[in-house]
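Student: I have a protein model open and would like to learn how to read it. Could we work through some questions together?

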Amino acid sequence: MKLFLFTVLLFFTGLSFAQKKAALVVGNNDYKELPLKNAVNDANLMEVTLQKLGFTVQKVVNTSKSGFEKQLLTFIKNHKNADVRFFYYAGHGIQIDGKNFLVPVDASLDERENVTLEGLDFSTIFDQFQNSRTDAMNIFVIDACRNNPFKNRSWGSRGGVGDRGLVLRKADFTTGSFAAFAADNGQVASDGNNSDNGLYTKVLSDELLVPGLELNILFQKVRGKVIKLSNGEQTPVEENRLISSNGFYFIPPVDKPTPSPSPAPVVNSVADYTETAGSLNIEMVAVKGGTFTMGSPASEPDRGYDEIQHQVTLSDFYIGKYEVTQAQWEAVMGNNPSSFKGSNRPVEFVSWNDIQAFLFKLNTKTGKKYRLPTEAEWEYAARGGNKSQRYMYSGGDYLNVAGWFKYNSDNATHPVGERQANELGVYDMSGNVWEWCNDWYGDYSTALATNPLGAASGSSRVLRGGSWMFPAKYCRSANRAFKSPPTLKVNTYGFRLALGSSSSTKDEEVIINDGQAIKVTFESGILFATNSSTLNSASQSVLTSFATSLTKNPDTNVILYGYTDSTENNKLSIKRAQAVANFLMSKGVGYSRMITQGVGSEQPIADNSTAIGRTQNRRVEVYILPNEKKTTKDATLN
């Protein structure tokens with residue numbers, strides 16, 4: 001059981017967003033009886049939200065009555081000149097004999113009289129705010145049980161005596177006030193049992209950060225979202241007694257920037273363009289190279305251990321203005337694997353390997369060398385390139401404006417380009433779908449790097465940007481929390497295109513296995529001993545001949561699939577593929593021509609239940625992509 005949210009706004013017209021603003025935030029979890037789960041979390045969330053809105057915040061958690069009163073008096077004294085004052089309380093509340101009481105954590109509720117003695121009369125708080133400055137805007141948010149949490153008490157079961165949770169008393173509020181409740185009479189507001197915050201508080205926090213929501217519209221949106229997310233079990237209600245609320249915004253409307261005119265051609269510069277081959281209409285944004293700090297500072301909230309700051313220099317490149325859409329994918333591949341159908345929604349449910357097939361066909365169609373961005377290119381573009389303002393998210397510090405994520409997506413992807421663009425004019429790099437990068441995941445180097453390509457090998461590829469399913473911390477521009485095997489596909493994974501010089505040494509890594517690639521058949525196979533990644537002499541012999549063939553055909557590329565049997569550690573699969581790659585490199589084959597991939601025992605070649613089958617599964621398979629289209633899938637190397 002939880003908590004309802006009750007909001008009162010004493011409204012005075014003419015207040016500016018830039019005026020002095022202060023907030024007192026209180027959260028009580030640790031009651032001796034009926035402790036709460038998320039009251040302190042809700043107070044913490046409101047603290048962060050109000051700070052983003054320009055409030056000076058004084059916060060106290062798990063407070064006694066005396067501590068409560070001291071904090072209140074200190075706040076009134078320190079902020080008596082504030083133009084806008086915000087009081088937020090999350091915890092238990094109850095009505096006794098028509099009076100509303102907030103319940104401190106040390107209150108004894110054995111007897112009815114103890115509530116009136118040890119609880120804090122809400123009218124006292126209201127009077128302190130109202131009387132200290134009559135022309136200020138005072139906002140009260142009281143998050144307390146909408147029904148009576150103590151109704152099983154003998155004193156709490158009698159009609160009219162403690163049988164109600166906190167209830168609006170119209171006598172408390174005069175003309176010029178606004179009250180909003182998280183739930184209607186008789187309902188219980190969700191405490192967010194499977195979340196870190198109560199439902200109403202989370203929705204309210206998100207909507208407070210949306211620019212251009214007039215007061216009444218804001219609460220209407222909150223009400224609608226709570227009803228939907230609670231399946232109609234929780235209906236917020238409002239009592240509007242304002243003289244006029246038109247024109248008040250927590251964040252004023254933001255004018256959409258006028259698109260800049262196309263720059264005049266400049267030698268050695270890049271300019272935006274649209275790929276029109278095959279009626280694709282893929283818009284690409286020019287990113288001027290430069291040096292930036294990749295990673296996040298130690299002070300950044302929700303920072304990951306692997307976000308070590310380091311300097312990176314990148315050359316000019318292009319990045320997709322939008323995530324690749326379902327219409328674009330279908331135009332190239334002839335199918336649509338997405339779970340959330342919509343031609344202008346991002347394609348999802350695609351693996352890294354699937355994207356390689358897409359890139360091959362796209363490049364054949366266009367004559368260019370499109371690819372996935374490197375992780376460094378992705379973060380540089382997400383941060384706005386050389387125009388960066390170092391926002392938390394791509395597109396600003398308010399994710400509700402910049403991207404689709406867990407708390408505003410309605411559990412689905414959305415058409416690309418509907419959120420706020422970043423400094424480069426690129427959309428949706430925070431949220432909507434996770435975006436595959438070209439790199440294998442690995443630790444950052446602390447040394448200055450130029451056009452870094454990521455780890456030389458690995459078992460997982462990098463994903464960036466968060467998605468419609470994930471909370472805000474995963475949508476930060478620096479976040480590296482997600483990485484996946486290149487074979488994995490889910491409805492939160494998508495991608496955007498890149499093109500240009502920054503990773504030109506890996507442009508030739510567009511190796512596919514969709515009927516265009518050719519499997520190389522070796523007479524004896526490239527087999528390994530149990531639990532070993534060491535090449536035997538027979539394998540070295542056939543690979544020496546293979547390397548000679550590759551050096552004669554410099555445009556031919558290689559993909560190496562490593563396997564294990566069911567008794568081995570799957571990590572051996574990538575080690576085996578890497579062992580083959582290392583041997584080919586020793587014979588003069590450039591590493592940029594090879595992709596190493598560990599399949600493990602997930603897709604066995606032979607029957608793992610037999611000894612012969614397990615022997616056949618301890619191997620590496622080789623595929624090549626010649627510069628001419630072949631009609632046969634398999635070929636024998638002579």
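Tutor: Yes. Keep in mind that this is a predicted model.

Student: Which residues form one aromatic cluster?

Tutor: The members are Phe and Tyr residues, counted by the distance between ring centres. The cluster consists of F68, F75, F87, Y89, F129 and F140.

Student: How many aromatic pairs does the count come to?

Tutor: Two rings count as a pair if their centres lie within 6.5 Å. By this rule the count is 23 aromatic pairs.

Student: Are the rings of W434 and F482 stacked or edge-to-face?

Tutor: Their centres are 4.4 Å apart and their planes meet at 15°. Planes under 30 degrees apart count as stacked, so the pair of W434 and F482 is stacked.

Student: How many residues apart are W434 and F482 along the chain?

Tutor: W434 belongs to strand β16, residues 434–440. F482 is in the loop between β18 (461–464) and β19 (483–484). The pair therefore links distant parts of the chain, and the separation is 48 residues.

Student: Is W434 buried or exposed?

Tutor: The cut-off for buried is under 20% relative accessible area. W434 has a relative accessible area of 0%, so W434 is buried.

Student: Which ring does the charged end of R461 sit over?

Tutor: A similar arrangement is found at R419, whose charged end sits over the ring of W404, 4.0 Å from the centre of that ring. For R461 the distance to the ring centre is 3.8 Å. The ring under R461 is that of W352.

Student: Now the sheet. In what order do the four strands of the open sheet stand?

Tutor: The pairing in this sheet is antiparallel. Strands of a sheet pair through backbone hydrogen bonds. The order is β11-β12-β15-β21.

Student: Which strands stand at the edges of that sheet?

Tutor: A strand at the edge has a single partner strand, so one of its sides is left without a neighbour in the sheet. This applies to residues 273–275 and 498–500. The edge strands are β11 and β21.

Student: What is the average twist from one strand to the next?

Tutor: The value is an angle between strand axes, which are lines fitted to C-alpha atoms. Across this sheet the twist averages 30°.

Student: Which residue in β12 stands opposite T274?

Tutor: β11 and β12 (residues 282–287) pair in the antiparallel sense over three bridges. Between these two strands lies a hairpin with six residues, where G278 takes a positive phi near 65°. The residue in β12 opposite T274 is E283.

Student: Which residue in β15 stands opposite V285?

Tutor: β12 also pairs with β15 in the antiparallel sense, over four bridges. Opposite V285 in β15 is I319.

Student: How many of the six residues of β12 are buried?

Tutor: β12 is largely enclosed by the rest of the structure. Helix α9 (residues 375–382) lies across β12, β15 and β21. The number of buried residues in β12 is five.

Student: At about what angle does helix α9 run to β15?

Tutor: β15 covers residues 317–320 and is one of the strands that the helix lies across. The angle between α9 and β15 is about 70°.

Student: Is N231 buried or exposed?

Tutor: N231 is in the loop between α6 (215–229) and β10 (237–241). Its phi is near 55°, a positive value in a residue other than glycine. Exposed means over 50% relative accessible area, and at 68% N231 counts as exposed.

Student: What is the relative accessible area of D410?

Tutor: D410 lies in the loop between α10 (399–402) and β16. D410 has a positive phi of about 55° although it is not a glycine. It counts as partly exposed, with a relative accessible area of 41%.

Student: Leaving aside neighbours within four places in sequence, which residues is S459 in contact with?

Tutor: S459 is in the loop between β17 (449–450) and β18. Its C-alpha atom is separated by 7.9 Å from that of Y441, 18 residues apart along the chain. The contacts of S459 are W440, S484, P485 and P486.

Methods. Residues numbered from 1 in each chain as written. Predicted model: local features only at pLDDT ≥ 70, side-chain atom pairs only at ≥ 80, totals over all residues. Heavy atoms only, no water. Pairing = 2+ DSSP bridges. Axes fitted to C-alpha atoms, helices over the stretch in contact; angles between N-to-C directions. Contact = heavy atoms within 4.5 Å. Phe/Tyr/Trp six-rings, centres within 6.5 Å; stacked < 30°, edge-to-face > 60°. Buried < 20%, exposed > 50% of the residue type's maximum accessible area, 1.4 Å probe, protein only. Lys NZ or Arg CZ within 6 Å of the ring centre and 35° of its normal.
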